[in-house]
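Welcome! Here are some short exercises to work through with the sequence and the model open beside you. Try each task before you read its solution.

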Number of protein chains: 2
Amino acid sequence: MSDGQAYRGENLLFLTDEQLRQGIEAMFFAYRGFTADPDRILSDMAYGRAHHRAIHFINRAPGTTVNNLLHILGVTKQSLNRVLRTLIADGLVQSTVGKSDKRERHLHLTEEGKELEQTLSDAQRARMRSAFRDAGPEAVAGFRTVLEAMMDTEMQRAYTRLKESST
Amino acid sequence: MSDGQAYRGENLLFLTDEQLRQGIEAMFFAYRGFTADPDRILSDMAYGRAHHRAIHFINRAPGTTVNNLLHILGVTKQSLNRVLRTLIADGLVQSTVGKSDKRERHLHLTEEGKELEQTLSDAQRARMRSAFRDAGPEAVAGFRTVLEAMMDTEMQRAYTRLKESST
DNA sequence: AGCATACGTCAGTGTTGTTGACATTCCAAC
DNA sequence: GTTGGAATGTCAACAACACTGACGTATGCT
């Protein structure tokens, strides 16, 4: 339909509209699988996907501030606050006043919070591990490359920062 | 933490927990980018992501039944019905009673519906095309391989059926 | 002192998922 | 041929989670 089907010195058949549509649909179906296992676990509790995301990134970046977290999650503070309130009330997350800047709140998982995080990420990692193993290392490298290229630039930065923080 | 870090005849370093976590986070950030452009377009109308999905798959499989569509989308018939009702009322989707089985409704996009579908998928394809081009054909192949391995088996079947229906 | 920043909260709204109840239609057993 | 159950689709009410807007408090900075 557009310029995708042409040859330009190299084979660009992987950029046809049909290929792109298959990529779009693969992304849709795969994301459902990606969230299915944690969703199942959480539906038994009073929590949802939003709680999972908050717990994941608090675990990933302990001591992060509310402001930082809501930028990573890409939601409003009101939306995040609703989730955090329940997590703090239930004793899964601890909020401490900032040392140098007392306006800030630093977030940590409690032991109970870490347990739930482990349960959720075990389930999600199991599926990811199975997919990675089936696909092989080259496919995994390609998977990561395409996903990074698909992010918004701000999110690329956030993602890279998180990657590097764990070395 | 688990068996991922071991060597077993081949290098399995791509299966470490840290690699899996990066894959999980890449999936999270990339999916946000994936939906960002259509979401922006739809927010100006009274529609959301659910309408986009319905329009996409009705366009993909014209004449599909409500039942078939809700299996593909993975939602309840009640949830899909609310979306379809507005799309039909707004003249984007046409619902016709089944010929052989009058319980069924066959769904088609109207001209107006096709226009919106085109607008939305143009935006989404543009991002996918850019990501694919940046990543290159080998990465794209890997991307697709991993995503397929991440789907639930039912969804793999639905995905394969859709892929093959367009040849 | 004055203004900006970080956080929390209340109120209201919209999208999208859920369950429950119900009408219509088909089909197969009787 | 009637009847009972399964399948298909619709309407209504509710829950989760996002949004905007407005406001209050504490703190930091100039």
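**Exercise 1. Find what a base nitrogen of DNA strand D meets in the side chain of A:Arg82, and at what distance.**

Step 1. Start at A:Arg82: an N or O atom of its side chain is 2.7 Å from a base nitrogen of DNA strand D. This is a polar contact, a pair of N or O atoms within 3.5 Å (within protein, one must be able to donate a hydrogen and the other to accept it, and residues adjacent in sequence count only if both atoms are side-chain atoms).

Step 2. Before going on, note that this is a predicted model, in which local features need pLDDT of at least 70 and side-chain atom pairs pLDDT 80 or more, while totals for chains, interfaces and linings use all residues. Residues are numbered from 1 along each chain as written, chains are lettered from A and ligands numbered from 1 in written order, and side-chain values use heavy atoms, without hydrogens and water.

Step 3. Now look at the phosphates: a polar backbone atom of A:Gly48 is 3.5 Å from a phosphate oxygen of DNA strand D, and a polar side-chain atom of B:Arg85 also lies 3.5 Å from one.

**Exercise 2. Work out how many residues surround DNA strand D.**

Step 1. The number is 25, with A:Arg53, A:Thr76, B:Asn67, B:Lys77 and B:Asn81 the closest; a residue counts if one of its heavy atoms lies within 4 Å.

Step 2. Of the strand D atoms that come within 4 Å of the protein, 59% belong to sugar and phosphate.

**Exercise 3. Work out how many residues each chain brings to the contact between chain B and chain A.**

Step 1. Chain B brings 63 residues and chain A brings 63 (contact means heavy atoms within 4.5 Å).

Step 2. Together they bury about 6400 Å², 70% of it on carbon and sulfur atoms; buried area is the accessible area (1.4 Å probe) that two parts lose on being put together, summed over both.

Step 3. On the chain B side, B:Ile24, B:Phe29 and B:Met150 lose the most area to chain A, together 11% of what that side buries.

**Exercise 4. Count the salt bridges between chain B and chain A.**

Step 1. There are ten, each a side-chain nitrogen of Lys or Arg within 4 Å of a carboxyl oxygen of Asp or Glu.

Step 2. One of them links B:Asp17 with A:Arg125, at 3.6 Å from N to O.
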